[in-house]
Amino acid sequence: MTKIDSTASRSVLVTGASRGIGWAIATRLSQRGDRVAGLSRSGAAPDSVLPLTGDLADWAATEAALAQAEAVLGPIEVLVCNAGVTRDGLIARMADQAWEEVLNVDLTAPFKLARRLARPMARQRFGRIVFISSVVALLGSAGQTNYAAAKAGLIGLARSLARELGGRGVTVNVVAPGFISTDMTAVLEPDQIEAYAQRIPLGRLGRAEDVAGAVDFLTSDQAAYVTGAVLPVDGGLGMGH
Ligand code: NAP
């Protein structure tokens, strides 16, 4: 039976919920009334969120954490693949390890999580999957061939899955953030941030809550007819792509 009650509590798994965008997403969905589990290596999570410890590069550990979430929350109805890492460098000097580490965490882990949850979601005839990509998936980014390839891969993964699972009431969408103030962008120098802000039509970096709002929408009943979409949350930085 398709769920239509927008106030119904859903069981949610958010990866990378220990800080930044994932923390904001887990907080927002739990405030909406959902039962939320948050996975990360540190296992930190907002108070209202079931903390899970696991390394997405280690599938056995990730599967064990997922089983723990299912045991406590019930079958997962909403999957938000948010965790991501960068290992930047120009391609001529990029080690295989930097490529593999980023592809493993940013693309292979979302694939494996979606594969593991596709059948139960299809059986429930309800599911929401959201992949957190990046504006650089479409714009490209010098020094980030690994990261941009992984984030672009999420779009192909989402759109193919949207076609596979659409008939079963499962939507699959992508959020593409621009520059958001988190630990990931805290490494930038102030003059770099100023230079980026000048290229952003809204004139500022985004907040983690801006991304959480987009995820809230895509996982809500208001977005029941939205699938295969790439929703930019980038202050206009990537528009036209
Ligand atoms: P962040 O502050 O660096 O947080 C990354 C999160 O992922 C943390 O919770 C981290 O937790 C978790 N994580 C990293 N590696 C993991 C692993 N191997 N296994 C399990 N969890 C892992 O990043 P953010 O800025 O919030 O970014 C969140 C997502 O948005 C990422 O996919 C990023 O690529 C994307 N994004 C960010 C921006 C931006 O400007 N910030 C822009 C576009 C896209 P632990 O360290 O505890 O494991």
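This passage describes the overall fold of a predicted model and the salt bridges within it.

The protein contains eight helices and seven strands. Its radius of gyration is 17 Å. A compact globule of 241 residues would have a value near 18 Å, so the two agree. Along the principal axes, the C-alpha atoms occupy a box of roughly 50 × 35 × 35 Å. Of the 241 residues, 51% are buried. Contacts were also examined by sequence separation. Among those with a separation of 6 or more, 70% join residues 24 or more positions apart.

The accessible surface amounts to about 11400 Å². Carbon and sulfur atoms contribute 53% of that area. Charged side chains are balanced in number, with 23 positive and 23 negative. The centres of the two sets lie 8 Å apart.

Side chains of opposite charge can pair when their charged atoms come close. Nine salt bridges are present in the structure. One of them joins Arg-10 to Asp-221, with an N to O distance of 2.5 Å. Arg-10 sits in the segment before β1 (11-15), whereas Asp-221 belongs to the loop between α8 (208-218) and β7 (230-233). The pair therefore ties together parts that are 211 residues apart in sequence. Both Arg-10 and Asp-221 are buried.

A second long-range pair is formed by Asp-183 and Arg-19, whose closest N and O atoms are 3.2 Å apart. Asp-183 lies in helix α6 (residues 183-186). Arg-19 lies in the loop between β1 and α1 (20-31). This salt bridge links distant parts of the chain, 164 residues apart. Asp-183 is partly exposed, at 49% relative accessible area. Arg-19 is also partly exposed, at 47%.

Arg-87 and Glu-101 form another salt bridge, at 2.4 Å from N to O. Arg-87 is in the loop between β4 (78-81) and α3 (96-124), and Glu-101 is in helix α3 itself, so the bridge ties together parts 14 residues apart in sequence. Arg-87 has a relative accessible area of 31% and is partly exposed. Glu-101 likewise counts as partly exposed, with 31% relative accessibility.

Salt bridges also extend beyond single pairs. Arg-28, Arg-32, Asp-34 and Asp-216 are connected in a network of such bridges.

Key. Residues numbered from 1 in each chain as written. Predicted model: local features only at pLDDT ≥ 70, side-chain atom pairs only at ≥ 80, totals over all residues. Heavy atoms only, no water. Helix = DSSP H or I, 4+ residues; strand = E, 2+ residues; numbered from the N terminus. Rg over C-alpha atoms; globule rule 2.2 N^0.38 Å. Buried < 20%, exposed > 50% of the residue type's maximum accessible area, 1.4 Å probe, protein only. Contact = heavy atoms within 4.5 Å. Areas by Shrake-Rupley, 256 points an atom, 1.4 Å probe, with all protein chains shown as cover. Lys, Arg positive; Asp, Glu negative; His and termini not counted. Charge placed at Lys NZ, Arg CZ, Asp CG, Glu CD. Salt bridge = Lys/Arg side-chain N within 4 Å of Asp/Glu carboxyl O.
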